[in-house]
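Here is a short tour of one strand and the pocket beside which part of its chain lies. Please have the model open as you read.

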Amino acid sequence: MLTFLRPELESKRIEIRTSYGTLPLCRLDENLFKQVLLNLLINAEQAVDGRDQREVMVRTSQENDAVRVDVIDTGEGIPPEKIGKVFEPFQTTKASGTGLGLATARRIVEEHGGRISVVSELGRGSWFTVLLPIKPPEGRAPAGKPAAEASGRVKGL
């Protein structure tokens with residue numbers, strides 16, 4: 001997904017930093033997870049657009065029994081009164097947009113037995129973290145489909 005967005009990010013002079021750790025197999029619906037990454041990266045792009053410091057960092061690592069994906073931006077940050085609602089449908093801090101991107105991302109991550117969270121500081125940026133279990137809960141297949149195994153990096157980055 002980052003490869004797909006790289007030309008657009010670079011045309012806006014957004015610095016892209018990556019750090020990919022070695023990851024175990026993770027069961028996920030690759031197409032749905034690409035949608036999660038796309039939503040997080042578009043949000044990061046919009047957050048840094050027009051700022052003096054324009055950085056987006058994507059990194060992966062293993063955290064206990066989960067694969068961790070962080071998307072970090074140097075945007076304006078999310079106001080404290082709105083941070084608790086960013087994953088709710090139709091909530092947005094932007095002038096345009098539907099407010100469905102992060103709600104959709106949360107739904108997909110939770111369907112995979114994972115969690116998504118955000119930490120943000122006004123004037124400094126936001127840090128979104130996705131944790132996906134290496135082994136999904138017993139009998140659970142994402143989005144009603146058989147899960148595909150992805151090895152190495154989380155596919156879609």
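The report below begins with strand β4 and then turns to a pocket.

This is a predicted model, in which local features need pLDDT of at least 70, side-chain atom pairs count only at pLDDT 80 or more, and totals for chains, interfaces and linings use all residues. Residues are numbered from 1 along each chain as its sequence is written, and side-chain values use heavy atoms, with hydrogens and water left out.

Strand β4 covers residues 66-73; strands here are DSSP runs (E, at least two residues), numbered from the N terminus. In β4, 8 of 8 residues are buried (under 20% relative accessible area, 1.4 Å probe, protein chains only). One side carries Ala66, Arg68, Asp70 and Ile72, the other Val67, Val69, Val71 and Asp73. In a regular strand, side chains alternate between the two faces of the sheet.

Strands pair if DSSP finds at least two bridges between them, and β4 has these partners:

| Partner of β4 | Sense | Bridges | Example |
|---|---|---|---|
| β3 | antiparallel | 8 bridges | Val58 with Val71 |
| β6 | antiparallel | 8 bridges | Leu132 opposite Val67 |

Between β3 and β4 the hairpin has 2 residues, and Asn64 takes a positive phi near 55°.

Now for the second largest pocket, with a volume of about 180 Å³. A pocket is an open set of points on a 1 Å grid over the protein atoms alone, where a 1.4 Å probe fits, with protein on both sides within 12 Å along at least five of seven lines; lining residues have an atom within 4 Å of a point. The volume is the space filled by probe spheres set on the points, which are joined across faces, edges and corners. β4, β5 (115-121) and β6 (125-133) each give two or more residues to the lining, and Ile72, Asp73 and Trp127 are among the lining residues.

Technical notes. Helices (H or I, at least four residues) and strands (E, at least two) are DSSP runs, numbered from the N terminus. Buried means under 20% relative accessible area, exposed over 50%, partly exposed in between (1.4 Å probe, protein chains only).
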